[in-house]
Amino acid sequence: MNQIRYTGHPFVDVGFATMTAFVRKQRVADLNADDFRRIADYIEANYVRQPLRSFLTVAFTSNAWFAQSAFNPDRPGLSSDKQAEARQKREYWANRHLRQWVESARALETCLFTGLPAAAFELSGKLQPGRVGRAQMPLLQGDDSINFFINGDPGLPMAPEAILALQTMPLGCAKVGGGLLAVHCDDERLTIAFANRFLQRNLSDVAKAQAAGEEKLPGSPRSLRTLLIETLADIMRQQLEGMRRTTITAYYFSNGQSPFLELYHLPLQITGFLLAVYTPTYRNLWNELVARSWQRVTPTGKRGKAAEPAEPRVNYLYEDLFTLPAQAARFVRTYFLRIPEVKRSTDDPRHDYSLRREIDLVLWLLVELFVQEVMLMTDDRVAMLKELGDKLADYTRKQGGKRFFRQFFTVQRSDHFLSLLNRTNIDYTRYTQGRETLFTLDSFLTVFMEGEEVLRSDWRLMRDLVLIRMVEQLRDWIAGNPDAVPDDAEVVVSE
């Protein structure tokens with residue numbers, strides 16, 4: 001019976017997820033000996049060849065069994081005896097890394113990650129049997145180092161199945177720049193889905209490179225953050241039913257000469273928001289926002305030849321998801337209210353966002369979802385913002401006019417904002433002949449105040465949320481009064 005389970009360690013889990021994807025199964029627990037054999041055979045046949053032989057030193061260093069020149073029987077100048085000796089050594093170390101799960105030898109230790117018996121035979125000439133070092137597990141210390149290991153014994157005890165998973169792991173990572181991107185999720189199915197996307201791309205690229213005799217594996221044309229969200233979006237579109245919100249952590253690393261590790265985290269509220277925007281209610285609007293956030297690229301081509309379309313590297317909306325919820329105010333203002341960021345470069349579409357031209361994208365429905373999912377705003381507070389927006393839209397249309405709309409849109413000082421709200425509340429009460437006020441004391445304190453005396457530090461965000469509702473309700477009025485909307489430069493300067 002297979003005892004392999006999701007371990008919680010990113011490198012081991014991504015390795016098992018890649019193995020599961022390689023044999024086209026749905027669960028790590030479904031892996032069996034035949035699957036291990038298929039994977040081991042592929043690794044032994046292809047890791048010793050280009051482009052993987054050089055590429056995978058990023059994960060396992062140049063001391064890996066498949067990368068050491070001393071084990072390469074095809075290097076120039078070897079006699080037939082030396083070739084046979086090198087081939088024998090490589091097969092020996094390949095079996096130690098890929099096939100110890102076949103052995104029934106008694107292990108001396110227990111695997112730290114799976115709880116299974118550790119491997120019984122050595123993986124390095126310097127480590128105890130069954131222990132892995134940096135050439136087997138990325139970002140560990142060298143085989144001679146005793147620091148940070150229990151009792152000063154270098155290496156970590158690991159089960160043969162987990163060793164094979166580590167050997168497989170790079171195939172389920174994306175190559176981005178000079179490192180690898182491994183994606184680990186609380187949900188095993190999502191980890192497998194990410195590994196499968198990256199695995200299929202890698203297998204295809206390896207086959208093409210080998211057929212063409214090339215020695216380098218191409219990297220992703222996307223930036224790291226854009227690739228992560230684009231892949232997640234693709235998974236959500238195809239597997240939306242049954243998916244649940246989960247935390248996602250991406251590990252960008254290199255185990256080469258200059259090792260590094262960078263972490264990119266998507267918390268529950270972001271993945272929950274993304275799950276929602278790909279449902280039919282929000283999908284079309286969200287896809288339009290995404291489409292208008294791609295980096296502008298200029299077609300490239302040699303002189304005298306037709307220019308070839310270039311792939312954009314960055315989607316700025318995708319990139320900015322990683323700033324949430326800390327920079328929710330800027331996100332709302334840029335993507336939902338379409339306020340331009342004129343200091344951006346000309347290849348950045350945010351440079352030319354415009355509320356006047358893109359008013360069709362300003363919709364309360366998506367904003368309401370955003371503040372509930374990402375900002376965790378309560379339903380009653382959301383309802384107060386919506387009601388205030390409706391009342392101010394009615395006031396603008398019938399009494400306040402262009403002057404009030406522009407003032408509300410551009411006010412930046414807190415004292416001016418409070419004064420404007422007070423005056424407008426009085427005018428609105430007169431306009432309704434005392435039947436209504438803009439807000440009650442409780443709603444005013446809830447929306448704009450910290451306690452009873454201090455204005456919220458994010459009052460501009462609350463103003464922008466109200467403004468979005470106003471713009472949606474006033475779309476026909478704005479079409480007839482286009483000068484009511486401040487010039488883009490005026491709005492930006494006021495920041």
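## Two covered strands

Which residues sit on one side of S4, which on the other, and are they buried or exposed? Before the answer, a quick word of caution: this is a predicted model. On one side of S4 you'll find Gly179, Leu181, Val183 and Cys185, on the other Leu180, Ala182 and His184, and all are buried. That makes seven of the seven residues of S4, so the strand is largely enclosed by the rest of the structure.

Strand S5, at residues 248–254, tells a similar story. Seven of its seven residues are buried, so S5 too is largely enclosed by the rest of the structure. Ile248, Ala250, Tyr252 and Ser254 point one way, while Thr249, Tyr251 and Phe253 point the other way, and all are buried. If you're wondering about the every-other-residue pattern, side chains in a regular strand alternate between the two faces of the sheet.

## How the strands pair up

Let's follow the strands along the chain, starting with S3, residues 174–176. S3 runs antiparallel to S4, and three bridges join them. Lysine 175 has leucine 180 as its bridge partner in S4. S3 and S4 make a hairpin with two residues between them, and glycine 177 in that turn has a positive phi of about 60°.

Next comes the pairing of S4 (residues 179–185) with S5, which is antiparallel and covers six bridges. Leucine 180 turns up again here, with phenylalanine 253 as its bridge partner in S5. Leucine 181, in turn, has tyrosine 252 as its partner in S5.

S5 also pairs with strand S6 (residues 260–266), again in the antiparallel sense, over seven bridges. Tyrosine 252 has a bridge partner there as well: glutamate 262 in S6. S5 and S6 form a hairpin too, this one with five residues between the strands.

## Rings that meet

There's plenty of ring contact to explore, with a count of 30 aromatic pairs. Take phenylalanine 60 and phenylalanine 66, whose rings are edge-to-face: their centres are 6.2 Å apart, with 80° between the planes. Phenylalanine 60 counts as buried because its relative accessibility is 0%. Phenylalanine 66 counts as buried as well, at 1% relative accessibility.

Now look at tyrosine 428 and tyrosine 431. Their ring centres lie 5.9 Å apart and their planes meet at 55°, so this pair is tilted. Both tyrosines belong to helix H15 (residues 414–431), and they are three residues apart, about one turn of the helix. How do they differ in exposure, buried or partly exposed? Tyrosine 428 has 3% relative accessibility, so it counts as buried. Tyrosine 431 has a relative accessible area of 26%, so it is partly exposed. Both also belong to a cluster linked by ring pairs, along with Tyr395, Phe404, Phe408, Phe417, Phe439, Phe444, Phe448 and Trp459.

## Arginines over rings

Rings have other partners here too. Arginine 96 lies over the face of phenylalanine 121, at 4.5 Å from the ring centre. Arginine 338 does likewise with tyrosine 353, at 3.8 Å from the ring centre.

## The two largest pockets

What is the volume of the largest pocket? About 480 Å³. It is lined by 24 residues, and those lying nearest its centre are Asn63, Ala64, Gln68, Ala135 and Asp143. Helix H4 (57–60) and helix H5 (80–98) each supply at least two residues of this lining. By character, the lining of the largest pocket splits into seven nonpolar residues, 13 polar and four charged.

The second largest pocket has a volume of about 390 Å³. Its lining has 19 residues, with Gln26, Arg189, Ile192, Ala193 and Gln239 closest to its centre. Helix H7 (188–212) and helix H8 (224–239) are the elements that give two or more residues to this lining. H7 has the largest share, at seven residues. Here the lining divides into five nonpolar, seven polar and seven charged residues.

How values were computed
Residues numbered from 1 in each chain as written. Predicted model: local features only at pLDDT ≥ 70, side-chain atom pairs only at ≥ 80, totals over all residues. Heavy atoms only, no water. Phe/Tyr/Trp six-rings, centres within 6.5 Å; stacked < 30°, edge-to-face > 60°. Buried < 20%, exposed > 50% of the residue type's maximum accessible area, 1.4 Å probe, protein only. Helix = DSSP H or I, 4+ residues; strand = E, 2+ residues; numbered from the N terminus. Lys NZ or Arg CZ within 6 Å of the ring centre and 35° of its normal. 1 Å grid on protein atoms, 1.4 Å probe; cavity = no way out; pocket = protein on both sides within 12 Å on 5 of 7 lines; lining within 4 Å. Points joined across faces, edges and corners; volume = space filled by probe spheres on them. Nonpolar A, V, L, I, M, F, W, Y, C, P; charged D, E, K, R; others polar. Pairing = 2+ DSSP bridges.
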